[in-house]
Amino acid sequence: MGEVRETELDLGALAAALWRHAWLLAALTLAAAVGTYLFLSTVQPLYTADTRILIENRESPLTRPRDANTQPLERYDESAVQSRVEVLRSRDIANTVIDRLDLTRRPEFDSANRPSLLDSALILLGAKEATPDRSVRERVMETYFDRLSVYVVEKSRVIGVEFEAPDRVLAAEIANGIAESFIDLQQKAEREASTAATAWLEREIDRLRGRVESAEAEVASYRSSQGLFDLSTTAGSLTTQQLSEINAELSRAKAARSEAESRARLIREVLSGGGSLETSSEVLGSPLIQRLQERQVALSSEIAQLSTTLLPGHPRIQALQTELGSLNGRIRQEAQKILQSLETAARVAAAREASLAGDVNTAMAAAASANEKEIKLRALEREARAQRDLLETFLGRYREAVARSDTQYVPVDARIISRAEPPRNPSWPKKGLLSVVVALAVLLLAVTAVLMREFTSGRAFRLVEVLPPPAPEREREPELEFVRPAMLHAPHPRFSRDQPGTAELAELLAQPAVRVALFAGARGGEGAGEIALASARVAARENVRPIVLDIGVTPSPALPAKGPGLGELLAGDSAFGDVIRRDETSRVHYIAMGETETDPPLQRLALVIAALTHTYDAVIVAADSLADWPAEHVRPDLAAIICSSDLPESDRRHAYETALERGARNAIVVRLEDTPDQFEETTEAA
């Protein structure tokens, strides 16, 4: 075999090329840096001034309304702060700043007066339209917004305002002017809101005054028309007081009647039972009875004294006894009169009680009617009180609003915490940094150009002489001999079970490295399909999942099938499930050649085999002859070449070498012997 000449990348040649052009690379880099620096020196510099605004509650506790709480947190959340950022970017503030600093008279803010060289060239070439005829204020406004930057400092309520201007002092003035205009705008909004609220409160107070007067007048009119007089704040209405007094009088009348009846009953019991009248307090309290009892005591004492000297029948004692009996009768008569007076008093008290009971019923009816009227009265009073309270509330708020308006105290929830100072260094352009970046970019482009030149010229590669290793003397291939059935196209019944040699082939198919195997005849007609199916059946008994594909020109009788097969699968007319069939006597699956009349596209054969290797342990391709093997699409791990017994050794060696040259990783020659009655296995070197 001749010498093989190959090329490889020559890094030394590339380095030498770069070294040869080092002076050019250095010159280009230096020229780019210097040119960039000089160009940027002609560019008008821009200065950036920065102002910081803090959003916070600035209401003083001394001036805050008494019924107002502290500002809610929602007023200063992220969306609220972002809203103030948009206010800072508004056209109202822009117009205020433009008017305050008279920016329309500054040429650096009018883009029409200072077109760049590039813009002028593009306009002349027609690549860019000229600046439309707009007002000076619109052009100044556009420049203003191009140079303005408003942002929120991360995780804070601080807003930053940055402005770029060719004049460092002007940049600071505009940044501070934007912040001050924002504060003024907030104060103006607060003042307008306070003025509008004051005017609204004034109108509401006038309306409420009339409603309060009307409500109170309605209460007074209803009270007087219904006779609902409120004598005191605690005693209740007149009807209620009358009912209370009549109830008290009725209670006293009942008590007087009960007392008179009790005393009369006691005296009556004493008089009827002959008891002592001294047990009755009414009898003892009578002055006449007291005098009679005193006289009775005196007579009893005198009779007792005379009885010591005189006999009971003495006229003097008899006379005194007669007078004493007369006194007892008079006392009982007087007690009878007292009884009659008590009975009379009891009857009077009963009559008064009955009269008062009628008065109570009348007063209760009047009180019930008065209560119904007082319900409406209380409703009217509540309405009047509610209107009065609302009026007092509005009056208090109105006084506070008027006081704040008169003192011009309008606190806003923002203050400037950092005013802009004229910057010392320009923010654009960064001449040093940009010069270095441009120089590095030019250096990279120049190096790339040099390397591309070397690659295109071929000088970046060098020839390498590679001598192929000497071909070892190939020993005779192992040759597996076994008996072939007498009829090639009608396999012997024992062919797939006990045929000598199939076990060795099945063992080879069971190897993990053998995923794709090829069975092909040396000259054709050796029955490669039968040998492949027989070996697959033996391998299936060893827990190997094989599938056999018939790719020969002549269909193998060992793989019969009616219907679609490999040809239809390659043509895309059928799917895998339509063409895969199972052997009747084993677990082997196979795909027959099919019934297509046109040659199928073999370009998809490699994809089909690759897909089957993901499902099966071994994919066995059966070809009638080596000529039928599409080597560019099937690269088997093992090629089994089936030879007849009369094939010369030189032809067997040629078939073996042909299989290796066409892409098989390994090859084996299988020779058939025509001895159908005796099976023997021999192995010899070819």
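Contact here means heavy atoms within 4.5 Å. Keep that in mind for what follows, since this is a predicted model and much of the story is about which pieces touch which.

**Around helix 18**

Let's start with helix 18, residues 605–613. Its buried residues are Leu605, Val608, Ile609, Leu612 and Thr613. Looking down the axis of helix 18, you'd find these buried residues within an arc of 135 degrees, so they line one face of the helix. That fits a general point: an α-helix has 3.6 residues a turn, so residues three or four places apart point the same way.

What do the buried residues of helix 18 pack against? The list takes in strand 10 (516–521), strand 11 (546–550), strand 13 (589–591) and strand 14 (618–623), along with helix 16 (566–571) and helix 17 (576–579).

**Strand 14 and its partners**

Strand 14 deserves its own look. Six of its six residues are buried, so strand 14 is largely enclosed by the rest of the structure. In a regular strand the side chains alternate between the two faces of the sheet. Here both faces of strand 14 are covered: one side has Ala618, Ile620 and Ala622, the other has Val619, Val621 and Ala623, and all of them are buried.

Strand 14 pairs with strand 10 in the parallel sense, over five bridges. Strand 11 also pairs with strand 14 in the parallel sense, again over five bridges. Which residue of strand 14 is the bridge partner of Asp550? Ala622 is, and Phe519 stands opposite Ala622 too.

**The four-stranded sheet**

Now for another part of the chain. Four strands make an open sheet, running in the order 3-4-2-7 with antiparallel pairing. Strand 3 and strand 7 (414–418) sit at the edges with a single partner strand each, so one side of each has no neighbour in the sheet. From one strand to the next, the twist averages 25 degrees. Helix 3 (residues 78–88) packs on this sheet, where it touches strand 2 (47–55), strand 3 and strand 4. The direction of helix 3 makes about 170 degrees with that of strand 3.

Within the sheet, strand 3 (residues 148–152) and strand 4 (residues 158–165) pair in the antiparallel sense over five bridges. Tyr151 stands opposite Gly160 in strand 4. The two strands form a hairpin with five residues between them, and Lys155 is in the turn.

**Helix 4 and two positive phi values**

Helix 4 (residues 91–101) has Ile93, Ala94, Val97 and Ile98 buried. These cover an arc of only 135 degrees around the axis, which puts them on the same side of helix 4. On that side, the buried residues of helix 4 pack against helix 3, helix 6 (136–147) and helix 7 (168–225).

Right after helix 4 comes Asp102, with a positive phi. Asp102 lies in the loop between helix 4 and helix 5 (117–125). Phi of Asp102 is near 55 degrees, a positive value in a residue other than glycine. Lys155 likewise has a phi near 55 degrees and is a residue other than glycine.

Buried means under 20% relative accessible area, exposed over 50%, and partly exposed in between. At 32% relative accessibility, Asp102 therefore counts as partly exposed. Lys155 reaches 82%, so it counts as exposed.

| Residue | Place | Phi | Relative accessibility |
|---|---|---|---|
| Asp102 | loop between helix 4 and helix 5 | near 55 degrees | 32% |
| Lys155 | loop between strand 3 and strand 4 | near 55 degrees | 82% |

**Helix 1 meets helix 2**

Back towards the start of the chain, helix 1 (residues 11–20) and helix 2 (residues 22–42) pack with their axes 4 Å apart, at an angle of about 55 degrees. Helix 1 and helix 2 are therefore oblique to each other. From helix 1, Leu18, Trp19 and Arg20 meet Ala22, Trp23 and Leu25 of helix 2. The residues of this contact divide into five nonpolar, no polar and one charged.

**The chain as a whole**

Stepping back, the protein chain has 19 helices and 17 strands. Of its 686 residues, 36% count as buried. Among contacts between residues at least 6 apart in sequence, 82% join residues at least 24 apart.

Notes
Residues are numbered from 1 along each chain as its sequence is written. This is a predicted model: local features need pLDDT of at least 70, side-chain atom pairs count only at pLDDT 80 or more; totals for chains, interfaces and linings use all residues. Side-chain values use heavy atoms; hydrogens and water are left out. Axes are lines fitted to C-alpha atoms, for helices over the stretch in contact, and angles run from 0 to 180 degrees between N-to-C directions. Angles under 35 degrees count as roughly parallel, over 145 as roughly antiparallel, 65 to 115 as roughly perpendicular and the rest as oblique. Ala, Val, Leu, Ile, Met, Phe, Trp, Tyr, Cys and Pro count as nonpolar, Asp, Glu, Lys and Arg as charged, and the others, Gly among them, as polar. Buried means under 20% relative accessible area, exposed over 50%, partly exposed in between (1.4 Å probe, protein chains only). The arc is that of the directions from the helix axis to the C-beta atoms. Two strands pair if DSSP finds at least two bridges between them.
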